[in-house]
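Subject: Handover of a structure and notes on what was found

Dear colleague,

Please find the structure below, handed over for your own examination. The notes that follow it set out what was found.

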Amino acid sequence: QVQLVESGGGLVQPGGSLNLSCAASGNIFRLDATAWYRQAPGKQRELVAGYTGDGSTNYVASVKGRFTISRDNAKNTVYLQMNNMKPEDTAVYYCNAHILALNRRLYAYWGQGTQVTVSS
């Protein structure tokens, strides 16, 4: 079994920055594809930024140039650096990770979510 623990959410003013972390622990051989999603009240969950298994990244148009996804494979941790934040970035942010387990089978996991609020 694997646990994903997210941290770094909170309240920030427009134009400010936050750095989210998602640390994976447990039955892990290595991380495969990982991503950050978000869900605002009354809206569907949407993909914000993704890191594919081959190392390429992709972003939803609304965050391009402001958000950066990265990861530290040695620490099994994924990050989302959010700069120049806007009120419309307010949402619960979720980490999603595809993990190759010690038995070499691939499993998908979700974090518990962390609240991000952008407001003056």
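The side chain of Glu-6 reaches the backbone nitrogen of Thr-114 at a distance of 3.2 Å. Please bear in mind that this is a predicted model, so that every distance and angle quoted here is a computed value. Glu-6 belongs to strand S1, which covers residues 2-7. Although buried, Glu-6 has no salt bridge; Arg-45, the nearest side chain of opposite charge, is 7.9 Å away. Beyond four places in sequence, the residues that Glu-6 touches include Ser-21, Cys-22, Trp-36 and Cys-95, and also Tyr-93, Tyr-94 and the run Gly-111, Gln-112, Gly-113 and Thr-114.

Ser-21, one of those contacts of Glu-6, is found in strand S3. With a relative accessible area of 18%, Ser-21 is buried. Apart from neighbours within four places in sequence, Ser-21 is in contact with Val-5, Glu-6 and Ser-7, with Trp-36, and with Thr-77, Val-78 and Tyr-79.

Disulfide

Two further contacts of Glu-6, Cys-22 and Cys-95, form a disulfide in which the sulfur atoms are 2.2 Å apart. The count of disulfides comes to one. The angle about the S-S bond is -80 degrees, and the link is left-handed. Cys-22 lies in strand S3 (residues 18-26) and Cys-95 in strand S9 (residues 91-100), so the disulfide ties together parts that are 73 residues apart in sequence. Both cysteines, Cys-22 and Cys-95, are buried.

Nonpolar core

The largest nonpolar core has 29 residues. Leu-4, Trp-36, Leu-80, Met-82, Tyr-93 and Ile-99 are the members with the most contacts inside this core. Among the elements that give two or more residues to the core are S1, S3, strand S4 (30-39), strand S5 (46-51) and strand S7 (67-72); strand S8 (77-82), S9 and strand S11 (114-118) also do so. S9 gives the most, with five residues.

Leu-4 touches both cysteines of the disulfide, Cys-22 and Cys-95. Leaving out residues up to four places away in sequence, other contacts of Leu-4 are Ala-23, Ala-24, Ala-97 and Ile-99, together with Tyr-109, Trp-110, Gly-111 and Gln-112. Gly-111 and Gln-112 are also touched by Glu-6.

Salt bridges

How many salt bridges are there? The count comes to four. In one of them, the side chains of Arg-30 and Asp-32 meet at 3.3 Å, N to O. Arg-30 is partly exposed, with a relative accessible area of 37%, whereas Asp-32 is buried at 19%.

Glu-46 forms a salt bridge with Arg-38, with the closest N and O atoms 2.7 Å apart. Here Glu-46 counts as partly exposed at 29% relative accessibility, while Arg-38 counts as buried at 6%.

The side chains of Arg-66 and Asp-89 meet in a salt bridge at 2.8 Å, N to O. This pair links distant parts of the chain: Arg-66 is in the loop between S6 and S7, and Asp-89 is in the loop between S8 and S9, 23 residues apart. Arg-66 and Asp-89 are both buried. Through shared partners, salt bridges join Arg-38, Glu-46, Arg-66 and Asp-89 into one network.

Val-63 is in contact with two members of that network, Arg-38 and Asp-89, and with Val-48, when neighbours within four places in sequence are left aside. Val-63 is placed in the loop between strand S6 (57-59) and S7 and counts as buried, at 0% relative accessibility. The C-alpha atoms of Val-63 and Gly-42 are separated by 20 Å, the two residues being 21 places apart along the chain.

Backbone angles

Which residue in the loop between S7 and S8 deserves a look? Asn-76 is found there, and it has a positive phi of about 50 degrees although it is not a glycine. Asn-76 counts as buried at 17% relative accessibility. Asn-84, in the loop between S8 and S9, likewise has a positive phi of about 50 degrees without being a glycine. Asn-84 is partly exposed, with a relative accessible area of 43%.

Yours sincerely

Methods:
Residues numbered from 1 in each chain as written. Predicted model: local features only at pLDDT ≥ 70, side-chain atom pairs only at ≥ 80, totals over all residues. Heavy atoms only, no water. Helix = DSSP H or I, 4+ residues; strand = E, 2+ residues; numbered from the N terminus. Buried < 20%, exposed > 50% of the residue type's maximum accessible area, 1.4 Å probe, protein only. Lys, Arg positive; Asp, Glu negative; His and termini not counted. Polar contact = N/O pair within 3.5 Å; in protein donor to acceptor, adjacent residues only side chain to side chain. Contact = heavy atoms within 4.5 Å. Disulfide = S-S within 2.5 Å. Core = buried A, V, L, I, M, F, W, Y, C linked by side-chain atoms within 4.5 Å.
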